[in-house]
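Trainee: Please give me a close look at one part of this model, the place where its pockets are lined. I would like one connected account that also covers the helices and strands.

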Amino acid sequence: MQEDDFSWWKRRIEISRQLFDVIRIDHFAGFVKNYMVPSGTANASSGRWIRGPGRKLTDALKTVLGNTPVIADDFGNRALMPGVKKLLAKSGWLDTRILMLAFDGDPANENLPHNYSGHPSVVYVGTHDNDTIAGYFRDKTDYELAYLYEYLNIDNQEQIPDALIRCAYASTADIAIIQMQDLLKLGNEARMNAPSTVGNNWRWRLTQEPLAENRRAWIRNLAAVYHR
């Protein structure tokens, strides 16, 4: 792809610009390193890590992106993170923060809002690959949730969905993205995708039944209060 100046990538980005206001690049770590498996092998045990295109690719994409914002999914193999963070900083694209992964009890967790740096960022409560808020925290004990309760100034599980949504809106992230399932407070029956599984993913659909008026008013108020 580098030999033809990443023409396939450029075409894809140009089409994406026509369809979307924001482009999200999944598995951004692959720009730094890839795990290559020889064609025809029975399994991945004979694979090896190879260097990715890095800045050559990000610079090529910038020639066709115009002003379209890019969200980089910068999670992945922790061994790759220094290189991923360095490339992301050079690209200027939005990094990703996930509140659902923030409350492990470590106040230095990069997903906690007080640790967001000056780099452009987008905050999710959870992405399409995570459970819903209600589903994820349902089986957690009060001991496991103690730090979350303290951080969000709440005292029971029923309060978690709205408290996390408010936390995302109140953060300094440039963009806050909330799944509709979480706005509706649905359980894991409405989960979008369970990675490494097949057969039951991407099936949840929003029906025509609207959000209750008081719920819509609450969301509008959050957007006004936090200038979203």
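Mentor: Start with helix 3, since helix 3 gives four residues to the lining of the largest pocket, the most of any contributor. Keep in mind throughout that the model is predicted. Helix 3 spans residues 81-91, and helix 2 spans residues 55-65; each of the two supplies at least two residues of that lining. The largest pocket holds about 330 Å³ of space. Its lining is made of 14 residues, and those closest to the pocket centre are Arg51, Gly52, Pro53, Gly54 and Arg55. By kind, the lining of the largest pocket has six charged residues, four polar ones and four nonpolar ones.

Next, look at how the two helices of that lining lie. The axes of helix 2 and helix 3 come within 10 Å of each other and cross at roughly 25 degrees. Angles under 35 degrees count as roughly parallel, and helix 2 and helix 3 are therefore roughly parallel to each other. Where helix 2 passes helix 3, the crossing is right-handed.

Helix 2 also leads to a further neighbour, helix 1. The axes of helix 1 and helix 2 come within 9 Å, and the crossing angle is roughly 40 degrees. That angle makes the pair oblique, so helix 1 and helix 2 are not described as roughly parallel. The crossing of helix 1 and helix 2 is right-handed.

Helix 1 in turn brings us to the second largest pocket, which has a volume of about 270 Å³. Helix 1 covers residues 7-19 and strand 1 covers residues 23-25, and each supplies at least two residues of the lining of this pocket. Helix 1 gives the most, with five residues. Among the residues that line the second largest pocket are Trp8, Trp9, Arg12, Ile13 and Ser16. Others in the same lining include Phe20, Val22, Ile23, Arg24, Ile25 and Asp26. The lining of the second largest pocket divides into seven nonpolar residues, three charged and one polar. For the largest pocket the division was four nonpolar, four polar and six charged.

Now leave the pockets for the sheet. Strands of a sheet pair through backbone hydrogen bonds, and the pairing may be parallel or antiparallel. Here an open sheet of three strands runs in the order 5-6-7, and the pairing is parallel. Strand 5 (95-98) and strand 7 (175-177) are the edge strands, each pairing on one side only. From one strand to the next, the twist averages 25 degrees. Strand 6, residues 121-124, pairs with strand 7 in the parallel sense over three bridges. To find this pairing in the structure, look for Val122, whose bridge partner in strand 7 is Ile175.

One more helix pair is worth setting beside the earlier ones. Helix 6, residues 160-170, and helix 8, residues 213-225, pack with their axes 10 Å apart, at an angle of about 30 degrees. With the cut-off for roughly parallel being under 35 degrees, helix 6 and helix 8 are therefore roughly parallel to each other. Their crossing is right-handed.

Methods:
Residues numbered from 1 in each chain as written. Predicted model: local features only at pLDDT ≥ 70, side-chain atom pairs only at ≥ 80, totals over all residues. Heavy atoms only, no water. 1 Å grid on protein atoms, 1.4 Å probe; cavity = no way out; pocket = protein on both sides within 12 Å on 5 of 7 lines; lining within 4 Å. Points joined across faces, edges and corners; volume = space filled by probe spheres on them. Nonpolar A, V, L, I, M, F, W, Y, C, P; charged D, E, K, R; others polar. Pairing = 2+ DSSP bridges. Axes fitted to C-alpha atoms, helices over the stretch in contact; angles between N-to-C directions. Parallel < 35°, antiparallel > 145°, perpendicular 65-115°, else oblique. Left-handed = near helix turned anticlockwise from the far one by under 90°.
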